[in-house]
Amino acid sequence: MKDTQYKCLRCRNKINPNELVNGRIQCTYCGYRILEKARPRGERHIDAL
Ligand SMILES: [Zn+2]
């Protein structure tokens with residue numbers, strides 16, 4: 001689970017969980033608090049046609 005990354009839904013930057021303070025889920029760039037969990041690498045990428 002360490003590889004789980006978060007993606008800010010507002011500025012779309014990727015946030016490394018190591019940068020989160022005390023496990024607070026908050027964008028370190030814009031401060032937005034709604035983040036999407038990005039799957040770790042190695043997972044298949046599914047693109048809509
Ligand atoms: Zn953000």
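Two strands are taken to pair if DSSP finds at least two bridges between them. The model treated in these exercises is predicted.

**Exercise 1.** Determine which strands the protein contains and in what order they form a sheet.

*Solution.*
Step 1. The secondary structure comprises 0 helices and 3 strands, and along the sequence the pattern reads β-β-β.
Step 2. These 3 strands form an open sheet in the order E2-E1-E3, with antiparallel pairing.
Step 3. Strand E2 (14–15) and strand E3 (35–38) are the edge strands, as each pairs on one side only.

**Exercise 2.** Establish how many bridges join strand E1 to E3, and identify the bridge partner of Lys 7.

*Solution.*
Step 1. Strand E1 covers residues 5–8 and runs antiparallel to E3.
Step 2. The two strands are joined by 4 bridges.
Step 3. Lys 7 has Glu 36, in E3, as its bridge partner.

**Exercise 3.** Identify the residues of the largest nonpolar core and the contacts of Leu 35.

*Solution.*
Step 1. A residue is counted as buried if 20 or more other C-beta atoms lie within 10 Å of its own; 10% of the 49 residues of the protein count as buried.
Step 2. The largest nonpolar core has 5 residues: Tyr 6, Cys 8, Ile 15, Cys 27 and Leu 35.
Step 3. Leaving aside residues up to four places away in sequence, Leu 35 touches Tyr 6, Lys 7, Cys 8, Leu 9, Ile 15, Ile 25 and Cys 27.
Step 4. For the protein as a whole, 37% of the contacts with a separation of 6 or more are between residues 24 or more positions apart.

Notes: Residues are numbered from 1 along each chain as its sequence is written. This is a predicted model: local features need pLDDT of at least 70, side-chain atom pairs count only at pLDDT 80 or more; totals for chains, interfaces and linings use all residues. A residue is buried if 20 or more other C-beta atoms lie within 10 Å of its own, exposed if 12 or fewer, and partly exposed in between; C-beta atoms are placed from the backbone. Two residues are in contact if their C-beta atoms, placed from the backbone, lie within 7 Å. A nonpolar core is a set of buried Ala, Val, Leu, Ile, Met, Phe, Trp, Tyr and Cys residues joined through C-beta atoms within 7 Å.
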